[in-house]
Amino acid sequence: MTFDTVIHGGTVVTAEGQFQGDVGIAEGRIAAVAERIEGGARRIDAGGRLVLPGGIEAHAHIAQESSAGVMSADDYLSGSISAAFGGNSSFIPFAAQHRGQSVDEVIATYDARGARSVIDYSYHLIISDPTPEVLQDQLPRAFARGITSFKVFMTYDLMNLGDAGMLDILTVARTHGAITMVHAENNDMVKWMNRQLAARGLTAPKYHAISRPELAEEEAIHRAIQLAKLVDAPLFIVHVSTARGAEIVRQEKFNGARLFAETCPQYLALTRDDLDRPGMEGAKFICSPPLRGADTQAALWHHIAQGTFESVSSDHAPYRFDETGKFLNGADAPYPKIANGMPGIAARLPWLFSEGVVKGRITAEQFVALSSTNAARTFGCTTKGQIAPGMDADIAIWNPETRRVVTQADMHDNMDYTPFEGMELQGVPEIVMTRGEVIVEHGSLKAREGQGRFFGRAPVDPRGRQGYLAPEFDPAQNFGTVLR
Ligand SMILES: [Zn+2]
């Protein structure tokens, strides 16, 4: 057998275990994994290094307009380069439908944007306007294309679907085998809090955290799960930021719900105190759900270690600290008019490795599961997320000893700040490959614009989750087998 590349002498880590061995790559795929592999047009010495499946970033906003009309700072070129420097071989950003748009038009728009990516990509579809045409024709067409995850919002007036709209989406998704992702915060609680704060003139960035109470997330997570259970549909809760929210997820999973969830580094690395930095600097830390307290960080780490979350994702939502992003509505805008979101696609994995693996909170195997393998399984990336023969050669070679301080320059994105600035981390992805081609090597970019490919995904795999069938909702008995 001839190999294009052999990665030699490293410690291969999978979600299940680790071993000393070599990885042989041919035609973009992993062709062999063995104790020793000879040959290879190129041999990469991985002595002292960890050989991991390349990260899959399953939550990123790239070349996406917010519902308020603000374009994210990163397009598919800069966003994918930043992802690659952070140890990712592929990502699944969002393709966002805004009201009045057809899903077909949205996908065509993102196909044009995605063509610049240096890593492989797919989309989660955001649905904000579930018209009969969308539900009956456009979503099934998107699904047939391999877009097998639909995201909905319970908050933001221009995105929030209401419970009945969510049930419609959940039902269509279930019929086709798609998974519904949800941003869970109680919209009316947030709006009511906004009015109370505005009436008292409390509009500085720090009040953003007050305006979106932990209870708003906890209530919405609970409600979203009950909606999904009513129609026995798989559900993915994005960016869980509260201890109680995580507990609800854990309990419902234990009870058999077809439930998946993630949290994000910012809820573990930062607190609401960061929103109270001098002047308007707190605006850098405005994201939703908001940053919480130190006690929440400890609880979320516990849930990560115990398996409540499938993934730790970045929720990369890059809005610059200037009038193109955060301050589109003025340099002293009240917090509700400041763009929501922070960057993190390059920092996610180095931060999780350092704070998780190096500090002994999680194992290297858990790191692989949380950064890549689970996302592949949850979202149907059937050729990614594992180091095994036949899989895409999406691989990241990490030096687990290198220490560095996070700086904006190392993020390689289009941003002008990183919320992780100054943090000292240990562990660096030195070589990153997508389908066997080296795209980042020792801090320099080797990728070509547009070398990433769109990949369609398989239906969600609900095995191991028995589900819950509400007695009142029995599709076979009461509704016929196909729901509309
Ligand atoms: Zn997001």
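**View 1. Pairing of strand 5 with strand 15 and strand 1.** In this predicted model, strand 5 pairs with strand 15, which spans residues 395-405, in the antiparallel sense, and four bridges join the two strands. One of the contacts to look for is that of L52, whose bridge partner in strand 15 is A396. Strand 5, made of residues 50-53, also pairs with strand 1, residues 5-13, but here the sense is parallel and the pairing runs over two bridges. On this side T11 can serve as a landmark, since its bridge partner in strand 5 is L50.

**View 2. The zinc ion and its donor residues.** Three residues coordinate the zinc ion, namely H59 and H61, each through NE2, and D315 through OD, at 2.0 to 2.1 Å. Along the sequence these donor residues follow the spacing H-x1-H-x253-D, a pattern that helps in finding them in the chain. H59 has a relative accessibility of 0% and therefore counts as buried, and H61, with a relative accessible area of 10%, is buried as well.

**View 3. The loop that holds H239.** H239 is found in the loop that connects strand 12, residues 235-237, to helix 8, residues 243-254. The backbone of H239 deserves a careful look, as its phi is near 30°, a positive value in a residue other than glycine. Because its relative accessible area is 2%, which falls under the 20% cut-off, H239 is classed as buried.

**View 4. The loop that holds R435.** Between strand 16, which covers residues 424-434, and strand 17, which covers residues 437-441, the chain passes through a loop in which R435 lies. Although R435 is not a glycine, its phi is positive, at about 45°. The relative accessibility of R435 is 14%, so this arginine counts as buried.

**View 5. The cis peptide bond before P289.** The close-up centres on the peptide bond that leads from S288 to P289, which is cis and has an omega near -5°. To place this bond in the chain, the reader can start from helix 9, residues 266-269, and follow the chain towards helix 10, residues 294-306, since P289 belongs to the loop between these two helices.

Note on methods: Residues are numbered from 1 along each chain as its sequence is written. This is a predicted model: local features need pLDDT of at least 70, side-chain atom pairs count only at pLDDT 80 or more; totals for chains, interfaces and linings use all residues. Side-chain values use heavy atoms; hydrogens and water are left out. Buried means under 20% relative accessible area, exposed over 50%, partly exposed in between (1.4 Å probe, protein chains only). Two strands pair if DSSP finds at least two bridges between them. Donors are N, O and S atoms within 2.8 Å of the metal (3.2 Å for Na, K and Ca); water is not among the atoms, so sites may look incomplete.
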